[in-house]
Amino acid sequence: MNKKIVKKNKTTKPKYKILFVSSELHPFAKTGGLGDVCNSLPKALKALHQDIKILIPAYPFAIQKAENIKQVATIDLPGEGFPGKLGLPVDNDKAHHVNILETKLPGSHVKVWMVESELYNRPGTPYFDDKNKEWEDNDFRFALLNYIAVEIAMGRTSLQWQADIVHSNDWQTGLISVLLEKEYIRKKTTRPATVFTIHNMAHMGVYSRERFDTLELLPTLWNHHELEFHDDFSFIKGGLVFSDRVNTVSPTYAQEIQHEEFGYGLSDLLAYRNERLSGILNGIDMKEWNPAKDPMIKKNYSIKTINNKPSNKTALQKHFKLPQKKNTLLLGLVARLVYQKGIDLLLENMEDILKLPVQIVILGSGDLELESRLHRWSSKHPEQLQLQIGYDEQLSHLIEAGSDAFLMPSRFEPCGLNQLYSLRYGTIPIVRKTGGLADTVVHASKENLSNRSATGVVFQETEGSTILDAVNLTCLLYQNKDAWKKLMINGMKQEFSWKESAKQYLELYTQAIEDRNKYKIHSSL
Ligand code: ADP
Ligand code: GLC
């Protein structure tokens with residue numbers, strides 16, 4: 001058959017112009033998994049030949065890490081609008097100017113646009129000052145990002161680029177879909193299709209009526225079907241109500257949030273939008289998290305050279321000044337030390353866990369009370385439990401490589417990335433059966449061990465001592481070196497690259513465009 005004809009008949013993949021908007025982007029700004037996903041998913045979409053641009057705030061620590069950064073555009077917002085009300089500079093034409101800086105995502109051709117504004121020019125993290133206190137104007141700060149995203153997406157800037165799809169992530173970007181729908185209804189112009197990804201329902205961006213008015217959001221949106229949320233308003237609700245498609249980062253969490261326990265007061269809305277709601281499992285950056293090439297660990301290893309892994313255990317014990325015991329089960333934990341991560345469950349069982357032949361290393365920061373309770377256990381049992389408070393990228397890699405098992409007793413977990421890193425590093429994840437943890441780790445039951453599907457230890461209840469039982473079981477499994485090795489190798493063979501998930505996002509974009517064309521979002525706009 002003629003080659004040309006074969007080519008013609010092939011279905012061509014869509015090529016979309018995607019504006020991907022987030023408050024975090026590794027390596028420029030990261031406090032958790034959101035930063036990782038906003039780095040690795042766009043790269044995977046680029047590999048599928050999509051025209052993707054990422055938009056984030058130009059935090060000073062982000063600018064500092066960016067190579068060849070240059071200003072590529074200035075965008076004017078009406079100064080009598082909310083920028084003027086906030087006291088931001090307005091020129092003679094009553095416009096507030098915002099610069100767009102451009103750089104690339106390291107190791108890729110993905111363009112990153114950063115919004116430069118004095119609202120972002122502060123030390124600390126994207127959300128907190130350097131004393132760990134939340135900026136009290138985060139609503140204004142992220143609303144600015146949303147307004148700028150709309151200008152770019154609508155093609156009204158000198159960037160000469162217009163989006164087919166706007167992909168927003170978490171509450172900080174929740175108003176974009178609202179503002180785009182307003183463009184469509186009020187100005188009768190077409191608008192890009194909108195996709196909103198929930199990385200965490202626990203953070204909803206809730207602010208007062210007064211702030212709502214300052215933000216110049218239409219007063220008609222103040223009703224409980226739209227932005228109002230128990231006499232305040234919520235950014236995330238904007239994303240959930242007004243986006244053509246909503247998704248979250250694992251199939252199980254997509255179900256869980258439709259129930260009261262996980263929906264934070266929005267479960268009915270999510271259940272109502274059920275046909276537009278889906279779950280797509282996060283992938284991981286297979287280059288950055290690759291034990292065979294990871295420059296941040298002591299000794300590289302793969303399935304074939306798995307005997308090199310223990311050198312990392314020794315290095316980790318050294319780092320934490322723990323006795324260098326080769327045959328004691330070393331448990332690692334890297335996390336934001338908050339309620340979500342089940343740190344309190346661990347603490348409640350700590351006394352009994354430390355009676356087992358284990359060592360524990362913890363890296364993280366967060367809730368001060370949880371931190372100090374961990375400190376107390378550590379000073380009581382320094383030869384068994386060591387703690388490093390703070391954020392340390394390099395050490396997080398060494399913990400994944402050097403630990404025998406990894407603790408993730410999360411109360412809820414939309415997806416979770418650390419259990420995926422653990423599997424890749426031959427480190428057995430001990431997880432609670434929730435959200436993405438339930439979707440990615442297979443429990444080491446007798447049956448699963450014998451049919452070789454087991455990859456970790458899974459426990460269910462938050463009450464009582466099930467975490468203790470899980471650690472106990474892990475100790476028993478660890479005693480049988482052959483069985484343990486099989487478990488490690490089975491985990492290392494799992495496939496959690498972005499390849500499949502990125503394809504699912506592409507389908508989601510196609511569905512979002514179809515929905516935008518087919519259905520009118522029921523709104524007061
Ligand atoms: P979440 O986004 O809820 O915090 P994830 O498991 O999705 O949880 O992702 C957490 C990411 O943040 C991982 O890449 C993890 O290694 C990283 N991380 C969390 N705390 C720290 C820390 N203290 N130091 C270094 N990396 C951390
Ligand atoms: C959130 C969730 C986490 C998820 C991450 C990336 O912060 O807590 O479970 O992996 O976002 O999607």
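A nitrogen atom of ligand 1 sits 3.0 Å from a polar backbone atom of D392, and that is a good place to start looking around this predicted model. Two more backbone contacts hold your attention here. An oxygen atom of ligand 1 lies 2.6 Å from a backbone N or O atom of G33, and an oxygen atom of the ligand is also 2.9 Å from a polar backbone atom of L417. How much of ligand 1 does the protein bury? On its own the ligand exposes 570 Å², and the protein buries 93% of that.

Now widen the view to the surroundings of ligand 1. The shell is made up of 20 residues, and the closest are G33, D36, R336, K341 and G390. Which elements supply at least two residues each? They are helix α2 (33-47), strands β13 (329-337) and β14 (358-366), and helix α17 (418-424). Of the contributors, β13 gives the most, with 3 residues.

Ligand 2 can be read in the same manner. It is surrounded by 13 residues, of which H199, N282, Q340, E413 and G416 are the closest. A polar side-chain atom of Q340 is 3.0 Å from an oxygen atom of ligand 2. Backbone atoms take part too: a backbone N or O atom of C415 lies 3.0 Å from an oxygen atom of ligand 2, and a polar backbone atom of G416 lies 2.8 Å from an oxygen atom of ligand 2. Taken alone, ligand 2 has 310 Å² of accessible area, and the protein covers 94% of it. Helix α2 gives the most to this shell, with 3 residues; as you saw above, α2 also supplies at least two residues of the shell around ligand 1.

Let us step back to the overall layout. The domain assignment divides the chain into domain 1 (17-283 + 503-517) and domain 2 (306-495). Their C-alpha centres are 34 Å apart. Where the domains meet, 22 residues of domain 1 are in contact with 18 residues of domain 2.

What fills the inside? In soluble globular proteins, nonpolar side chains tend to be buried together. Here the largest nonpolar core has 161 residues, and the members that touch the most others are L19, L55, I148, I152, L240 and I360. Helix α5 (residues 138-153) gives the most to this core, with 11 residues. Why does this core lie between the domains? Domain 1 and domain 2 both give residues to it, so it lies between them.

L19 makes a handy entry point into that core. Leaving out residues up to four places away in sequence, L19 touches K53, L55, W113, A149, I152, A153, W161, A163, I165, V166 and H167. Apart from this core lies another, of 17 residues, including L316, V361, L398 and V431.

L316 also leads you to helix α12 (residues 309-319), where the buried residues are K309, N312, K313, A315, L316 and Q317. These buried residues pack against β13 and β14, and also against α16 (393-402), α20 (466-479) and α21 (481-492). Both strands are already familiar from the shell around ligand 1. After α12 comes K321, which has a positive phi, near 55°.

Two single residues round off the tour. The first topic is L449, found in helix α19 (residues 446-450). Is L449 buried or partly exposed? Its relative accessibility is 31%, so L449 counts as partly exposed. Setting aside neighbours within four places in sequence, L449 is in contact with A444, A454, L477 and L487. If you would like a sense of distance, the C-alpha atoms of L449 and K326 are separated by 24 Å, with their positions 123 residues apart along the chain.

The other residue is S497, in the loop between α21 and α22 (499-518). With a relative accessible area of 17%, S497 is buried, because buried means under 20%. Its side chain makes a polar contact of 2.4 Å with the side chain of E495, and a polar atom of the S497 side chain lies 3.3 Å from the backbone nitrogen of K499. Beyond residues up to four places away in sequence, S497 touches G283, I284 and M286.

Methods
Residues numbered from 1 in each chain as written. Chains lettered and ligands numbered in written order. Predicted model: local features only at pLDDT ≥ 70, side-chain atom pairs only at ≥ 80, totals over all residues. Heavy atoms only, no water. Core = buried A, V, L, I, M, F, W, Y, C linked by side-chain atoms within 4.5 Å. Buried < 20%, exposed > 50% of the residue type's maximum accessible area, 1.4 Å probe, protein only. Helix = DSSP H or I, 4+ residues; strand = E, 2+ residues; numbered from the N terminus. Domains from an automatic or database assignment. Contact = heavy atoms within 4.5 Å. Near = heavy atom within 4 Å. Polar contact = N/O pair within 3.5 Å; in protein donor to acceptor, adjacent residues only side chain to side chain. Areas by Shrake-Rupley, 256 points an atom, 1.4 Å probe, with all protein chains shown as cover.
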